[in-house]
Structure formats: structure tokens, C-alpha cells
Amino acid sequence: MAGFREARGDLELHNVTKSFGDFTAVDDIDLLVPRGSFFALLGPSGCGKTTTLRMVAGLEQPTAGRVTIGDTDLTGSRPYERPVNTVFQSYALFPHLTIRDNVAFGPKRRKEKDAAARADEALELVQMTQFAGRKPAQLSGGQQQRVALARALVNHPEVLLLDEPLGALDLKLRREMQVELKRIQTEVGLTFIHVTHDQEEAMTMADTVAVMNRGRIEQLGPPALLYDLPRTRFVANFLGQANTGVGTIEGTDGDHLVADVLGTKVRIARDRSQVHDGEVLFGVRPEKVTVSRKQPDGAGNDVKGVVRDVSFLGVATSYLVDMPSGTTWSCYEQNLDVEPIDLRPGDEVWLTWNPGHAFGVEADAQ
Ligand SMILES: Nc1ncnc2c1ncn2[C@@H]1O[C@H](COP(=O)(O)OP(=O)(O)O)[C@@H](O)[C@H]1O
Ligand SMILES: [Mg+2]
């Protein structure tokens with residue numbers, strides 16, 4: 001029979017729970033990560049991301065539930081028995097070994113005869129060939145992180161886990177490495193599970209993002225879909241910005257629900273609302289809102305506010321607008337015209353949006 005290390009296929013978590021004493025860090029998670037996909041686990045600090053990865057790696061055993069790859073049940077097996085490798089934020093390279101020997105270390109220990117050749121191949125993949133003879137201390141942080149990646153890839157794992165691997169890098173290098181990691185994943189075709197608390201990082205890199213909150217997966221899907229149609233208040237606010245208001249659904253108008261948000265009537269496409277009566281949290285993304293001096297005709301979705309701040313950002317202008325409800329909305333207008341509308345703090349403006357861009361989620365959930 002093939003061992004755990006030979007397991008191939010989709011990674012699945014089945015009703016996985018992890019408790020520490022009476023604290024539940026991971027709460028009954030069901031997850032399917034398709035083989036060969038770039039999967040991001042996104043959530044705030046403390047939501048259970050690392051604990052989830054550790055259970056996939058075998059560094060932690062679930063209190064309940066099972067972890068499988070393809071038809072193989074990995075639950076209870078040891079880390080070294082699993083076809084899984086992890087890259088951490090800290091590089092943990094051996095300081096006294098050269099870069100090549102660091103990368104060849106795993107295959108050599110397993111007495112694989114082509115260890116050196118495989119190390120060179122992995123270094124090539126992360127574009128570090130020219131540094132093979134150096135020691136870790138002679139490399140920058142970003143370069144050491146590439147070596148750490150090569151050291152994991154050289155084992156040809158079925159699943160590569162990345163636990164905030166770019167967390168220690170400065171912003172520019174981080175952006176570069178995001179593009180690099182994506183290229184490498186496409187090239188090797190392995191399943192990558194990338195843990196991050198940075199929503200932009202998750203959205204730019206992953207085929208699928210799972211948004212995690214308090215030990216649970218709140219929503220999972222392609223980034224553009226999660227951004228367009230969040231299903232919970234948490235996802236609406238964690239993945240990008242949202243202009244929101246709590247309202248009461250008062251009726252319908254064709255395919256739309258009509259809600260009263262503190263005196264303002266708003267419409268939400270019925271199939272874009274998670275709730276169809278009672279209280280609703282109405283939301284619309286900043287770039288979907290148009291700012292104008294005059295009330296637009298016939299839109300049916302407009303509200304008057306007062307400009308609080310105007311920031312010219314080059315590609316766009318960002319407006320903060322105080323709403324009658326007491327909240328402040330954010331709006332982005334692309335700078336398509338040579339002369340943008342001249343607005344200043346204190347000016348009255350009308351905000352409009354297409355109701356097909358609005359969404360509704362449960363109001364009281366966190
Ligand atoms: N070994 C442990 N003992 C007790 N509590 C733990 C242990 N490991 C993690 N936790 C707790 O579980 C929660 C989730 O932690 P973690 O998975 O590291 O979160 P994240 O990686 O999302 O920041 C945190 O509240 C953390 O304090
Ligand atoms: Mg963590």
C-alpha cells in the first residue's frame with residue numbers, strides 16, 4: 001500500500017475542530033482545496049489560520065474531524081509522513097551551510113542520490129542560482145525567503161503551506177514576491193495554501209480565498225466574487241472597503257428590495273441580499289458610487305451629503321462624504337477628465353449608484 005507521503009489529490013478538511021482547553025481556535029471547518037490551486041486563507045490575527053495550517057502539516061492534531069489528501073486519510077500521521085511542506089515568516093536557514101547545502105539538506109538526509117542536482121533545480125526556480133555558494137547571512141531578507149521556498153519545493157510536496165511568508169518584508173519587496181510566488185506556483189503546479197491577514201495580498205494572488213473569522217470560514221470563493229458580493233458583514237468590511245448602513249426592508253419594487261436606511265430609501269437587487277425582510281445591512285463599494293453636484297434624474301438611488309475631504313490620488317480622486325445618517329461614505333472617481341469636478345469640504349453633493357451594485361447582509365452579525 002502507498003504511504004501517506006505518496007498521497008495525491010485535493011486537500012480536504014472534514015469538520016475539523018481544534019480546542020485548547022475550553023477555547024475553540026478552529027471551529028468545525030469544512031474545506032476543499034482543489035489540487036494545483038493557489039488557495040488563500042485570509043483573516044485577522046488570532047482567527048485560527050496558523051492552527052489550521054499546523055493541522056494540515058501534522059504539527060497539531062485536530063480535536064475532532066479529519067484531514068485527507070485524495071483518498072488518503074492523514075489524520076494522526078506525523079509531519080514527516082505527510083506530502084506537505086511549510087514556509088514560515090522566519091526563514092530558519094542553517095547559518096553554517098551554503099545556500100545549495102541548505103536546499104539539498106532534506107533530499108540528502110533522505111539519502112536521495114540526485115540531491116545536489118535537485119537543489120540546483122529548485123534554486124533556478126526561485127532565481128537564486130547565482131547565490132548558491134553563499135551563506136545565509138550574506139543574503140537580504142527577500143533572498144533568504146526565496147531560499148526557504150526552494151528548500152520546501154525541493155521535496156516536491158503535494159501541498160505547500162505558506163504561513164505569512166512575506167510578513168517580514170517591506171512593501172515594495174512584498175509586492176515583488178507576490179508576483180514571484182504566483183509565477184512559481186503556476187510553474188510547479190502544486191497546491192499552495194497561503195495564509196495572510198493582508199486582503200490585498202490574498203486577492204492579488206489566490207484563485208480562491210477563504211475568509212476566516214473566529215475559527216470559522218465565513219465565505220469562500222474567487223476574490224472578485226467575494227469582493228462583489230460579500231455574504232456577511234465581516235467579509236464586506238474585511239475584504240476591501242464598504243459604505244454601509246443599517247436599514248429596514250419595507251417592500252419590493254420589481255426585482256428590487258426597498259429598504260429605509262435612516263430616512264433614505266435604497267434599493268438592492270433581491271438576489272444580492274442575504275435577508276429579505278426585517279433588518280438589513282445595506283452596502284455599496286466606494287468605486288461604485290458617483291459624486292455629482294446636481295441631483296441626477298431618474299436614478300432612484302441617490303442621497304445628499306456634505307463633502308468632508310477631497311484627496312487627489314493621481315489615478316483617482318477619493319471623496320469622504322458625511323451622510324444624513326451620521327456616517328461617512330467613501331467614494332472613488334477615476335480621473336478620466338482633464339478637469340475633475342471642483343469640490344471642496346462643506347460642498348453639498350449627490351451620491352448615486354446602480355442598485356445592481358448594492359448588497360445586503362444580516363445586520364446584527366459581527
Ligand atoms: N498551543 C496553544 N495553546 C493555547 N491557545 C492557542 C495555542 N495555539 C493557538 N492558540 C490560540 O488560538 C487562537 C488562534 O491562533 P492562531 O491559529 O495562531 O491564529 P492566527 O494564525 O490566525 O493569527 C488564538 O487565540 C491563539 O491564542
Ligand atoms: Mg498565524
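**Rings, domains and hollows**

Phe105 has a relative accessibility of 33%, and therefore counts as partly exposed. The class of partly exposed residues lies between buried, which means under 20%, and exposed, which means over 50%. The value is computed from a predicted model. Phe105 is a useful place to start, since its ring has a partner.

The count of aromatic pairs in this structure comes to six. One of them joins Phe94 and Phe105, with ring centres 4.7 Å apart and planes at 50° to each other, an arrangement classed as tilted. Phe94 belongs to the loop between β6 and α2, while Phe105 belongs to helix α2, so their pairing ties together parts that lie 11 residues apart in sequence. Like its partner, Phe94 is partly exposed, because its relative accessibility is 30%.

A second pair gives another picture. The rings of Phe234 and Phe238 are stacked, with 5.3 Å from centre to centre and 10° between the planes. Why are these two residues separated by about one helical turn? Both are in helix α8, which covers residues 233-238, and they are four residues apart there, so about one turn of the helix separates them. Phe234 has a relative accessible area of 14%, so this residue counts as buried.

Aromatic residues also appear in a group: Phe282, Trp329 and Trp353 make up one aromatic cluster. A ring can have a charge over it as well. The charged end of Arg285 sits over the ring of Tyr227, at 4.1 Å from the centre of that ring.

It helps now to step back to the whole chain. There are 366 residues in the chain, and buried residues make up 50% of them. The chain contains eight helices and 20 strands. Along its principal axes, the C-alpha trace spans about 75 × 50 × 35 Å. The chain is divided into two parts, domain 1 with residues 4-228 and domain 2 with residues 241-361. Between the C-alpha centres of domain 1 and domain 2 the distance is 40 Å.

The next topic is the pockets. How much space lies in the largest pocket? The volume comes to about 680 Å³. The largest pocket is lined by 24 residues, and the closest to its centre are Val84, Asn85, Thr86, Arg109 and Asn155. Strand β6 (84-87) and the helices α2 (99-109) and α4 (141-153) are the elements that give two or more residues to this lining. Helix α2 has been met already, as the helix that holds Phe105. Sorted by class, the lining of the largest pocket has 13 nonpolar residues, six polar ones and five charged ones.

The second largest pocket has a volume of about 220 Å³. Its lining consists of Gln199, Glu200, Met203, Tyr227, Gly240, Gln241, Pro286, Glu287 and Tyr332. Tyr227, one of these residues, is also the residue whose ring lies under the charged end of Arg285. Which element gives the most to the lining of this pocket? Helix α6, residues 199-205, does so with three residues. Domain 1 and domain 2 each contribute at least three residues to the lining of the second largest pocket. By class, four residues of this lining are nonpolar, three are polar and two are charged.

Pockets are open, whereas a cavity is a space from which the probe cannot get out. Two cavities of 30 Å³ or more are counted here. The largest cavity holds about 90 Å³ of space. Among the 13 residues that line the largest cavity, Val261, Thr264, Met323, Ser325 and Trp329 are the closest to its centre. Trp329 is also a member of the aromatic cluster with Phe282 and Trp353. Strands β11 (243-253) and β13 (264-269) each supply at least two residues to the lining of the largest cavity. That lining has eight nonpolar and five polar residues, and no charged ones.

The second largest cavity has a volume of about 40 Å³. The residues around this cavity are Leu11, Leu13, Leu31, Phe39, Leu41, Thr52, Leu53, Val56 and Ile193. At least two residues of the lining come from each of β1 (11-20), β3 (38-42) and α1 (49-57). Helix α1 gives the most, with three residues. Which classes make up the lining of the second largest cavity? Eight of its residues are nonpolar and one is polar, with no charged residue.

Note on methods: Residues are numbered from 1 along each chain as its sequence is written. Chains are lettered from A and ligands numbered from 1 in the order in which they are written. This is a predicted model: local features need pLDDT of at least 70, side-chain atom pairs count only at pLDDT 80 or more; totals for chains, interfaces and linings use all residues. Side-chain values use heavy atoms; hydrogens and water are left out. On a 1 Å grid over the protein atoms alone, a cavity is a set of points where a 1.4 Å probe fits but cannot get out, and a pocket is an open set with protein on both sides within 12 Å along at least five of seven lines; lining residues have an atom within 4 Å of a point. Grid points are joined across faces, edges and corners, and a volume is the space filled by probe spheres set on the points. Ala, Val, Leu, Ile, Met, Phe, Trp, Tyr, Cys and Pro count as nonpolar, Asp, Glu, Lys and Arg as charged, and the others, Gly among them, as polar. Domain bounds come from an automatic or database domain assignment. Rings of Phe, Tyr and Trp (its six-membered ring) pair if their centres lie within 6.5 Å; planes under 30 degrees apart count as stacked, over 60 as edge-to-face and the rest as tilted. Buried means under 20% relative accessible area, exposed over 50%, partly exposed in between (1.4 Å probe, protein chains only). A charge sits over a ring if NZ of Lys or CZ of Arg is within 6 Å of the ring centre and within 35 degrees of the ring normal.
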